Amino acid sequence: MRKPMIAGNWKLNKTIAEAKELSGDLAKCLANFTEVDIVIAPVFTALSAVAETIKDTPIKLAAQNCYPEETGAFTGEVSPLMLKDVGCEYVIIGHSERRQLLEESDAFINQKIIKTLEAGLKPIFCIGETLQERENGEMLDVLTTQIKGGLANLSATHMAELVIAYEPVWAIGTGQTATDEQAQEAHSFIRGLLQGMFTKEVALATRILYGGSVKPGNVDGLMAQDDIDGALVGGASLKADDFIRLVRFEKA
Ligand code: PGA
């Protein structure tokens, strides 16, 4: 059985005081909620304060990025080791905003995934096609390239620690969600790719989250799909009430 996960990607939002307030509200309302894995990913500067606020609750801490080296002359970067030190359990890797704005390649993303796993942290590995790629009929090729490149040289043991997030770029922050069927189709395709690259067991055990304008109004339908195991949420994770409603999605 795959345990559902709802992960909030706060992106470039919230001062330390604001992050403490939001995580404090979540900590209060979700203190005993263990049916779903709950993850929040604040900005680097708020990680330490949020780690303190959610201590002794089931809420887990994630970073939004990392650099694939432990220490050294890499000005401005943060390593998985340091993220573990501050209390992170997860790291979001390969988000489409980084792929697009910072031109992160599949090979670089693969290095980050490997270093994150080596540090004992769990990657939330993001993939997804752009609108143009979908319209050109390239969606399946794009997903295949991203999965094969991002997960190169990983073992089945590694895969037990990793979560995939399918986020069609055209649905991120646009209010335009993939339909339940579109999302299910992509998730089922991704699971098939995992079976080809690893084993059937790995494919069946790997959690695949959907991301892209997930809101209280559409979460229940998405979560009712066979191959959708959770959500990676941007906008709706910034308001406590909305995020709590997502975590408490209604089961079909
Ligand atoms: P959104 O962002 O929920 O605001 O569309 C999702 C994401 O980018 O992870």
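**Chat about the cysteines, the ligand and the core**

Modeller: Before you ask, this is a predicted model. One thing to start with: Cys-66 counts as buried, because its relative accessibility is 1%.

Colleague: And Cys-88, buried or exposed?

Modeller: Cys-88 is buried, with a relative accessible area of 6%.

Colleague: How many disulfides does the count come to?

Modeller: Zero.

Colleague: Why is there no bond from Cys-66 to Cys-88?

Modeller: The two sulfurs are 9.9 Å apart, and that's too far for a bond. A disulfide needs the sulfur atoms within 2.5 Å. Cys-66 has the closest cysteine sulfur to Cys-88 as well, so Cys-88 is in no disulfide either.

Colleague: OK, on to the ligand. How many residues surround it, and which are the closest?

Modeller: There are 13 around the ligand, and Lys-11, His-95, Glu-167, Gly-173 and Ser-213 are the closest.

Colleague: What does that shell divide into?

Modeller: Seven polar residues, four nonpolar and two charged.

Colleague: Which atom of Lys-11 lies 2.7 Å from a ligand oxygen?

Modeller: A polar side-chain atom. His-95 also has a polar side-chain atom 2.7 Å from an oxygen of the ligand. With Gly-173 the partner is a polar backbone atom, 2.6 Å from a ligand oxygen.

Colleague: How much of the ligand's accessible area does the protein cover?

Modeller: On its own the ligand has 280 Å² of accessible area, and the protein covers 95% of that.

Colleague: Switching topic: which residues in the largest nonpolar core touch the most other members?

Modeller: That core has 66 residues, and the ones you want are Ile-6, Leu-26, Ile-113, Phe-125, Leu-151, Ile-164 and Tyr-210.

Colleague: What does Tyr-210 touch?

Modeller: Leaving out residues up to four places away in sequence, its contacts include Tyr-166, Pro-168, Ala-171, His-187, Leu-222 and Ile-228.

Colleague: What lies apart from that core?

Modeller: Another core, this one of 13 residues, including Val-39, Ala-41, Ile-92 and Leu-232.

Methods: Residues are numbered from 1 along each chain as its sequence is written. This is a predicted model: local features need pLDDT of at least 70, side-chain atom pairs count only at pLDDT 80 or more; totals for chains, interfaces and linings use all residues. Side-chain values use heavy atoms; hydrogens and water are left out. A residue is near a molecule or strand if one of its heavy atoms lies within 4 Å of it. A polar contact is a pair of N or O atoms within 3.5 Å; within protein, one must be able to donate a hydrogen and the other to accept it, and residues adjacent in sequence count only if both atoms are side-chain atoms. Accessible areas come from the Shrake-Rupley method with a 1.4 Å probe; for residues, only the protein chains shown count as cover. Ala, Val, Leu, Ile, Met, Phe, Trp, Tyr, Cys and Pro count as nonpolar, Asp, Glu, Lys and Arg as charged, and the others, Gly among them, as polar. Buried means under 20% relative accessible area, exposed over 50%, partly exposed in between (1.4 Å probe, protein chains only). A nonpolar core is a set of buried Ala, Val, Leu, Ile, Met, Phe, Trp, Tyr and Cys residues joined through side-chain atoms within 4.5 Å. Contact means heavy atoms within 4.5 Å.
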